[in-house]
Amino acid sequence: MEITVKLKDGRTITMKDTDTLEDSDKGKEISVFLFNGELYGGIFDGVVEDEAEDLIIKLKRGNHIIGLPLSKIIGWYYG
């Protein structure tokens, strides 16, 4: 499935499928698009499994690391 979005700055982005997210380059900046329309960006820091065995994407944002459930992400891109 291909998802294309237009960002506020006018750029058009074609999202990569979430199946490829685990294989993305650790240490590179990525942005992920969630089902609720939110867009999060940060340095990709890997994928971990939580206590409920859900996959969690880790993004570094400044001095913080945030975790986003893979099941809530509909697409991603570098940058």
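# A tour from Lys 28 to the acidic patch

Select Lys 28, which counts as partly exposed because its relative accessibility is 43%. The model on screen is a predicted one. From the side chain of Lys 28, look across to Asp 25: the two meet in a salt bridge, with 3.5 Å from N to O. Asp 25 is also partly exposed, at 36% relative accessibility. Side chains of opposite charge can pair when their charged atoms come close.

Next, select Tyr 78, which touches both Lys 28 and Asp 25. Which other residues does Tyr 78 touch, leaving out those up to four places away in sequence? They are Lys 16, Ser 24, Glu 29 and Ile 30. Tyr 78 belongs to strand 7, which covers residues 73–78. With 34% relative accessibility, Tyr 78 is classed as partly exposed. To get a sense of scale, add Leu 55: its C-alpha lies 20 Å from that of Tyr 78, and the two residues are 23 apart in sequence.

Now go to the other salt bridges. How many are there by the rule used here? The count is 4. Select Lys 58 and Asp 45, whose closest N and O atoms are 3.6 Å apart. Lys 58 sits in strand 5 (residues 55–61) and Asp 45 in strand 4 (residues 39–49), so this pair ties together parts that are 13 residues apart in sequence. Is Asp 45 buried or exposed? Asp 45 is buried, at 14% relative accessibility, whereas Lys 58 is partly exposed at 24%. Add Lys 60 to the selection: salt bridges with shared partners join Asp 45, Lys 58 and Lys 60 into one network.

For another pair, select Arg 11 and Asp 9. Their salt bridge has its closest N and O atoms 2.8 Å apart. Arg 11 is partly exposed, with a relative accessible area of 42%. Asp 9 has 52% relative accessibility and counts as exposed, because the cut-off for that class is over 50%.

The next stop is the loop between strand 2 and strand 3, where Leu 21 is placed. Leu 21 is buried, and its relative accessibility is 0%. Show what surrounds Leu 21: apart from residues up to four places away in sequence, it touches Ile 30, Val 32, Phe 44, Ile 57, Leu 70, Ile 73 and Trp 76. For a distance to check in the viewer, pick the C-alpha atoms of Leu 21 and Met 1, which are 14 Å apart, with their positions 20 residues apart along the chain.

Stay in the loop between strand 2 and strand 3 and select Thr 18. Thr 18 has 17% relative accessibility, and therefore falls in the buried class, which is under 20%. Which residues does Thr 18 contact, once its neighbours within four places in sequence are set aside? The contacts are Leu 70, Ile 73, Ile 74, Gly 75 and Trp 76. Among these, Leu 70, Ile 73 and Trp 76 are also touched by Leu 21.

Finish with Asp 17, found in the loop between strand 2 (12–15) and strand 3 (29–34). Asp 17 counts as partly exposed, since its relative accessibility is 31%. Add Asp 19, Glu 22 and Asp 23 to the selection: together with Asp 17, they gather in a patch of negative charge on the surface.

Conventions: Residues are numbered from 1 along each chain as its sequence is written. This is a predicted model: local features need pLDDT of at least 70, side-chain atom pairs count only at pLDDT 80 or more; totals for chains, interfaces and linings use all residues. Side-chain values use heavy atoms; hydrogens and water are left out. Patches are made of residues with over 30% relative accessible area and no salt bridge: like charges are joined within 9 Å, nonpolar side chains (Val, Leu, Ile, Met, Phe, Trp, Tyr) within 5 Å. Accessible areas come from the Shrake-Rupley method with a 1.4 Å probe; for residues, only the protein chains shown count as cover. Lys and Arg count as positive and Asp and Glu as negative; His and the chain ends are not counted. The place of a charge is taken as NZ of Lys, CZ of Arg, CG of Asp or CD of Glu. Helices (H or I, at least four residues) and strands (E, at least two) are DSSP runs, numbered from the N terminus. Buried means under 20% relative accessible area, exposed over 50%, partly exposed in between (1.4 Å probe, protein chains only). Contact means heavy atoms within 4.5 Å.
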